[in-house]
Amino acid sequence: MDHMDHMDHGSMDHSMMSFAHMTLYWGKDSIVLFNNFPGSNTGHYILALIIVFMLASGLEFLSHCCLIGHRWQRTAAELARTAMHTVRMGLYYLVMLALMSFNVGVLLVSILGHAVVFLGHTAGWTSTF
């Protein structure tokens, strides 16, 4: 006997499901990282794109920077590298979760955030890399 026939779908919030996509789509009506954010608000959608750009570019920066010098004591350097790795992994997961909104705008700003910082690294725009 199929138990799915007896499920009560009346308690589901259909307003939240209207933004949940399972294929790539282009549009401002989406949910990125948080419930009802950005929703259908254009300003919030632009803010969400800026946040994803900053997450992706920060992640790329941390992947290429060398903040831990050779003068550090071994234990302190290992702890600092572990902390940086932990932050990097957290950013990776946040960017991945944002991409799971399946919004093409979110995908493009994520790629752009990685590309801009990588270009800065390869072009030598900053000495902190």
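Which loop does F102 lie in?

## F102

F102 lies in the loop between α3 and α4, the latter covering residues 104–123. This is a predicted model. The backbone at F102 stands out by its sign: phi is near 60°, a positive value in a residue other than glycine. Most residues other than glycine have a negative phi.

Is F102 buried, exposed or partly exposed? Its relative accessibility is 26%, so F102 counts as partly exposed.

## L33

L33 also carries a positive phi, of about 75°, although it is not a glycine. The setting is a strand: L33 is found in β1, residues 30–34.

Relative accessibility at L33 is 32%. That value lies between the 20% limit for buried and the 50% limit for exposed, so L33 counts as partly exposed.

## I68

Where is I68 placed? I68 sits in the loop between α2 (42–64) and α3 (74–99). Its relative accessible area is 15%. Buried means under 20%, so I68 is buried.

Which residues does I68 contact, leaving aside its neighbours within four places in sequence? They are A77, A80, R81 and M84. A C-alpha distance adds to the picture around this loop residue. I68 and E78 are 10 residues apart along the chain, and their C-alpha atoms are separated by 9.3 Å.

## Summary

F102 and L33 each pair a positive phi with partial exposure. F102 belongs to a loop, and L33 belongs to strand β1. I68 is a buried residue in the loop between α2 and α3, with contacts that include R81 and M84.

Note on methods:
Residues are numbered from 1 along each chain as its sequence is written. This is a predicted model: local features need pLDDT of at least 70, side-chain atom pairs count only at pLDDT 80 or more; totals for chains, interfaces and linings use all residues. Side-chain values use heavy atoms; hydrogens and water are left out. Helices (H or I, at least four residues) and strands (E, at least two) are DSSP runs, numbered from the N terminus. Buried means under 20% relative accessible area, exposed over 50%, partly exposed in between (1.4 Å probe, protein chains only). Contact means heavy atoms within 4.5 Å.
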